[in-house]
Amino acid sequence: MHQALGDRANRTDELVAAGPQVDMIFKPGQGALSLRAAKLWHLLVQAAGSEIATDRLHWLPLFQLYQTGLGHMTRDERFEAIRELQTTLVEVKVRSPKVPGRIRVLSGALLSHVERDEDDQDGEFVWEFSRALRAVFANSDHWAVLSKRAVLAFGSRYSLRLYEIVALRVGLDHKTSEMFDLEDLRSRLGVPVGKMKAWADLRRFVLEPAIAEVNQLSGLKVAYEVVKRRRAVTAITLSWAQKEGRERAATKRELDGSS
């Protein structure tokens, strides 16, 4: 953990996310984080750095936090994003510390404690990661590396979630695709329960727009193929690759234009 975070301490455009955190499943009926809250979450993880798993409070001047990409939000929107991180319950799967081969499920909010000054100019923001999330950070041996500029540029929460999911898997040797059951994919993307139940709706309103935005703004290329059983789509296979050369240059120009 310390190595993964320490290696990127001076790389201002790189964000890291623990593997179990990226693969977290949201509480049924709750849905994923809003786009604002998800972006704030990544900024808080970056600000905590190598102390992320420590049982301690972290702090950041509010003006500095807002300069990192949240400055366009209204004050109420910023405070609502903070509240969302305190009330969103997630579940993550980790290896059991006692029984080899057994999986343990940890659940908790993302943030367990928050203090904030109402003065946006001279105040500060203080927070503590929940015990469950600190355990995830401490025991993770696999991290996703994300472009901060891409994260802050996304206009859809589904795009950001897809980017996190694929970026985590890009780091796995000899793996360029993975099959996801549709229900599992809905949970990972944070689609609200009861929504987008038809494959046509999931494809049209969630998957294809998310893939298009990831391909437009990130250094990755993502595609999918459907998996059918008796004519019904039951799963999809996501595939990915790193952009190179002209494609990377085109993405940089796109991000420069959206800055």
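User: What does the charged end of R116 sit over?

Analyst: The ring of F79: the charged end of R116 is 3.9 Å from the centre of that ring. Keep in mind that this is a predicted model.

User: OK, on to the sheet. How many strands, and in what order?

Analyst: 3 strands, in the order 3-7-6, forming an open sheet with antiparallel pairing. Strand 3 (58–61) and strand 6 (111–116) are the edges, and each of them pairs on one side only. From one strand to the next, the twist averages 20°.

User: How many bridges join strand 6 to strand 7?

Analyst: 5 bridges, with strand 7 covering residues 124–129 and the two strands running antiparallel. As for what holds such things together, strands of a sheet pair through backbone hydrogen bonds, either parallel or antiparallel.

User: Which residue in strand 7 stands opposite V114?

Analyst: That's W127.

User: And which helix packs on the sheet?

Analyst: Helix 5, residues 75–87. Helix 5 touches strand 6 and strand 7, and its direction makes about 155° with that of strand 6.

User: Switching to aromatics. How many aromatic pairs are there?

Analyst: The structure has 7 of them. One of these is W127 with F129, an edge-to-face pair with 6.4 Å centre to centre and 85° between the planes.

User: Are W127 and F129 buried or exposed?

Analyst: Buried, both of them.

User: What about F129 and F137, how are their rings arranged?

Analyst: Edge-to-face again: F129 and F137 have 5.6 Å centre to centre and 80° between the planes. F137 is buried, as is F129.

User: Which residues do the ring pairs link into a cluster?

Analyst: W41, F125, W127, F129 and F137.

User: Last topic, helix 8. How many residues does it have, and how far does it reach?

Analyst: Helix 8 runs over residues 157–170, which is 14 residues, and it reaches 20 Å from its first C-alpha to its last. That is close to the 20 Å expected at 1.5 Å a residue.

User: Why call helix 8 largely enclosed?

Analyst: Because 12 of its 14 residues are buried, helix 8 is largely enclosed by the rest of the structure. "Buried" here means under 20% relative accessible area.

User: Which charged or aromatic names turn up among the buried ones?

Analyst: The buried residues of helix 8 include R161, E164 and R169, as well as Y158 and Y163. Also buried there are S159, L160, L162, I165, V166, A167 and L168.

How values were computed:
Residues are numbered from 1 along each chain as its sequence is written. This is a predicted model: local features need pLDDT of at least 70, side-chain atom pairs count only at pLDDT 80 or more; totals for chains, interfaces and linings use all residues. Side-chain values use heavy atoms; hydrogens and water are left out. Rings of Phe, Tyr and Trp (its six-membered ring) pair if their centres lie within 6.5 Å; planes under 30 degrees apart count as stacked, over 60 as edge-to-face and the rest as tilted. Buried means under 20% relative accessible area, exposed over 50%, partly exposed in between (1.4 Å probe, protein chains only). A charge sits over a ring if NZ of Lys or CZ of Arg is within 6 Å of the ring centre and within 35 degrees of the ring normal. Two strands pair if DSSP finds at least two bridges between them. Helices (H or I, at least four residues) and strands (E, at least two) are DSSP runs, numbered from the N terminus. Axes are lines fitted to C-alpha atoms, for helices over the stretch in contact, and angles run from 0 to 180 degrees between N-to-C directions. Contact means heavy atoms within 4.5 Å. The expected span of a helix is 1.5 Å times one less than its number of residues.
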